[in-house]
Amino acid sequence: MKSIIIGFFLLSVSFSYSQHIEKIFPDDFLGIYKGELDITTENGQQKIPMEFHLFATDSINKFDYKLVYNKAVRNYTLVVKNKEKGLFEIDENNGIVLPTFFNENVLHSFFEVQENFLSTRLDFTSENTLAFEILFSRLQNKTKTGGISKEIPEVFGYPITVFQKAILRKQ
C-alpha cells in the first residue's frame, strides 16, 4: 500500500511539473493553425476562413510568419530581437517593420497606420490552439475627457470600430 501511495505521489508531482514547463517562443509554437475569423464592424458581422503559419527558416533568428485570409496570403518574417526580453519584430517585407512583444504565451503589437490605431494579439492558449485578435480604432474618433484639474489629467479614448477574432487549431 505504501508503494502505491509513493508511486501516486511521484506521478502527481511529475504531472504537476510537466504542466509548468515554460514554452519557448517561437520554437515550441511552429506549425499551421486554421479556423474561422469573425469580423465585427458597425455594419455587422462576417466570417471568413483564416490560417496562421509559423515555420523556421535557414536564417538564425528569422521565421516565416504567414497570415491567410480567405485564401489571400500575406507573407511576413518574424525576427527575433531579444528572445529573453520577449522582443520581436514582424517584417512585412516591404519596408514596414512592426515591433512586437511576447509575454506569457501572447504576442502583442500596437501600431498606427493611415490615421488608425491597431492592436494585435496572438494568444497561444494551449499547445494546439491560437486565439487571434485585432482591435481597430480611427484616430479621428478620438474622445477627450478629464483635464479639469491637476489631479484629473486629460484622457484620450479611441473607440473600437472593428474587432476581429479567430480561434485557430493547430493542424
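**Strands and a pocket: a short chat**

Reader: Of the contacts between residues at least 6 apart in sequence, what share joins residues at least 24 apart?

Author: Happy to help, and do keep in mind that this is a predicted model. Here we set aside contacts between residues fewer than 6 apart in sequence. Of the contacts that remain in the protein, the share joining residues at least 24 apart is 36%.

Reader: How many helices and strands does the protein have?

Author: Start at the N terminus: the run of elements opens with α, and β follows from there to the end. Counting them up gives 1 helix and 12 strands.

Reader: What percentage of the residues is buried?

Author: A residue counts as buried when its relative accessible area is under 20%. The protein has 171 residues in total. Of these, the buried part is 31%.

Reader: How much space lies in the largest pocket, and which residues are closest to its centre?

Author: Good one! The largest pocket holds about 610 Å³ of space. It is lined by 27 residues, and the closest to its centre are R74, Y76, F111, L118 and I134.

Reader: Which element gives the most residues to that lining?

Author: Several strands give two or more residues to the lining, among them β4 (72–82), β7 (106–113) and β8 (116–126). The top contribution is 6 residues, and it comes from β7.

Reader: Which kind of residue makes up most of the lining of the largest pocket: nonpolar, polar or charged?

Author: Let's go through the groups. The lining has 3 charged residues and 5 polar ones. The other group has 19 members, and that group is nonpolar.

Conventions. Residues numbered from 1 in each chain as written. Predicted model: local features only at pLDDT ≥ 70, side-chain atom pairs only at ≥ 80, totals over all residues. Heavy atoms only, no water. 1 Å grid on protein atoms, 1.4 Å probe; cavity = no way out; pocket = protein on both sides within 12 Å on 5 of 7 lines; lining within 4 Å. Points joined across faces, edges and corners; volume = space filled by probe spheres on them. Helix = DSSP H or I, 4+ residues; strand = E, 2+ residues; numbered from the N terminus. Nonpolar A, V, L, I, M, F, W, Y, C, P; charged D, E, K, R; others polar. Buried < 20%, exposed > 50% of the residue type's maximum accessible area, 1.4 Å probe, protein only. Contact = heavy atoms within 4.5 Å.
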